[in-house]
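Subject: Structure for you to look at

Hi there,

Here is the structure I promised to pass on. Have a look at it first, and then read on for what I found.

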Amino acid sequence: MSNYNNPYQKSIDWLMVVLYMLLVGFGWLNIYAANFDPEQKIFFSVDAEYFKQLIWIGVSLVSVGVIMLIDSKMFVEIAFLFFGISILLLIVVLGIGREVNGAKSWFSLGPISFQPVEFTKIGTSLVIARMMSRYNFQFTFDNYLKIFGILLIPISLVLLQNDTGSALIFFVFLLPMYREGMTVHILLLGVLCIVGGIASLLSDSAIVMSIMLAVGIIATFVIFNKGGDKIDAIIAVAICILSAGALGAYYYFVSNPKFLPEYIPLGAAALMSVYAIVRSLIQRVSKIAIVLMYLWTGLVVSFATGYIFDNILIEHQRTRINILFGIEDDPLGAGYNVNQSLIAIGSGGLTGKGFLQGTQTKLNFVPKQSTDFIFCTVGEEWGFIGTSALVIVYLIFFIRIISLAEKQHSVFSRVYGYCVACIFFFHFAVNICMTIGLMPVIGIPLPFFSYGGSSLWGFSMLLFIFLKLDTDRNELIR
């Protein structure tokens, strides 16, 4: 009998369903614990977050049922439509949306509020999967422009909403692209941007840029000479020193009294680049373009970091970053949430204080304890054992998604599966890291765990679309 007619080949992956129910159920218990008032005689209150979350769990389960009834190929057909509607909602929310914690990213319809960005993640995943599953797809320059143009739309709109945390999520789509054959240089450039930006915040950007220039010089002339003739290196160093001195003197004494030391490595890099390009054309060395790409990406990022930090980020974002890196100390202000979260987690010890016994929770020391800081509720009441068990469940969840994605016969299903895994892992890693003080607080919920209707609904749809695609893993879905 053909596999396509075998009903077992159409079965949903029940391990994923069990993991989903575990996370949703345990998340609801902790939301209940975060809202529990021992002095309240009513066991259930319709105004409480745990009651509202039950409603959203029901709505999510209904959505899951509908998704499982849809033909898998329909998700390919509606990819651009779904993406277009989600982008339209992002535009509309800029005009009539409600502002929460400085971000104008919420629709309010009576008692119901939701963030359209949660559905944009689904739409973007579907579109990326559809584009990369086209026949004979390759990462040509035109396709790079199309995919990055697609990603730039939601990133720009979410940044306009002043929701930096949600905008960062869309960069995880680089990982599924890398899995499908994207050059590693783009990922490394992303790492360089992160390292260069952090280094420029913690140190003098002119020093960071000078170090990058020195590394660029070494790499350039190793490529040219392969460790041989030293004349090129001597010429390059002389050009850099002379140009840096001339440029510095010009800006300091003649042109601009507000002299920026960053101009020196920029000017030196410009002249060195001209020399390297001319020499590469003579020797027909193509690899020099890669070195210059890395060099100028690092220089521009380091140079722009200070401007972005001072002029684009708003005050509370700057404060959170400064507190994270130890530049500022504000335990009663911007650092209060994280400090109280660490106290709550630490007070749980090995086994925790017990369900509904968390004092930090009951006395409301930790703000947003049922949303952004739900993990500290687990740490306080369930201890190290409980938090470790939760992390292990999440890791099994991620590994299972990747395992299922690799089994897909269809490129569309595989790419979508990797998008799902990367989105979930980003939320998981960032939420826990910001709860324990390893990242700034950027308002990223813990999947299936944090209180919130739109996030639970969006995460459930995101996951079960993939599980529906997985039921047809042996078919070619295009």
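Phe425 is partly exposed, because its relative accessibility comes to 42%, a value between the 20% and 50% limits. Its partner Phe428 is buried, with a relative accessible area of 8%. The rings of Phe425 and Phe428 make a tilted aromatic pair, with 6.1 Å from centre to centre and 45° between the planes. Both residues sit in helix α18 (residues 411-435), and since they are three residues apart there, about one helical turn separates them. Please keep in mind that this is a predicted model.

Phe425 and Phe428 also belong to one aromatic cluster, whose other members include Tyr20, Tyr394, Phe448 and Phe464. In total, the structure holds 27 aromatic pairs. Another of these pairs is formed by Phe26 and Trp382, which meet edge-to-face, 5.2 Å centre to centre and with 75° between the planes. That pair links distant parts of the chain: Phe26 belongs to helix α1 (residues 14-35) and Trp382 to helix α17 (residues 374-406), 356 residues apart. Is each of the two buried or partly exposed? Phe26 counts as buried, because its relative accessibility is 19%, and the cut-off for buried is under 20%. Trp382, with a relative accessible area of 29%, is partly exposed.

Next, a lysine that you may like to find on your screen. Lys468 lies in helix α19 (residues 453-470). Lys468 is buried, yet has no salt bridge. Why is there none? The nearest side chain of opposite charge, Asp472, is 4.8 Å away, and a salt bridge has to be within 4 Å. What does the side chain of Lys468 reach at 3.5 Å? It is the backbone oxygen of Ile70. Leaving aside neighbours within four places in sequence, Lys468 is in contact with Ile67, Met68, Ile70, Ser72 and Phe75.

Finally, a quick check on one helix. Helix α9 covers residues 184-202, which is 19 residues, and at 1.5 Å a residue these should span 27 Å. The C-alpha atoms at the two ends of α9 are 27 Å apart, so the expected span and the model agree. The buried residues of α9 are Ile186, Leu187, Leu189, Gly196, Gly197 and Ser200.

Enjoy exploring it!

Best wishes

Definitions and conventions
Residues numbered from 1 in each chain as written. Predicted model: local features only at pLDDT ≥ 70, side-chain atom pairs only at ≥ 80, totals over all residues. Heavy atoms only, no water. Helix = DSSP H or I, 4+ residues; strand = E, 2+ residues; numbered from the N terminus. Buried < 20%, exposed > 50% of the residue type's maximum accessible area, 1.4 Å probe, protein only. Lys, Arg positive; Asp, Glu negative; His and termini not counted. Polar contact = N/O pair within 3.5 Å; in protein donor to acceptor, adjacent residues only side chain to side chain. Contact = heavy atoms within 4.5 Å. Expected span 1.5 Å × (residues − 1). Phe/Tyr/Trp six-rings, centres within 6.5 Å; stacked < 30°, edge-to-face > 60°.
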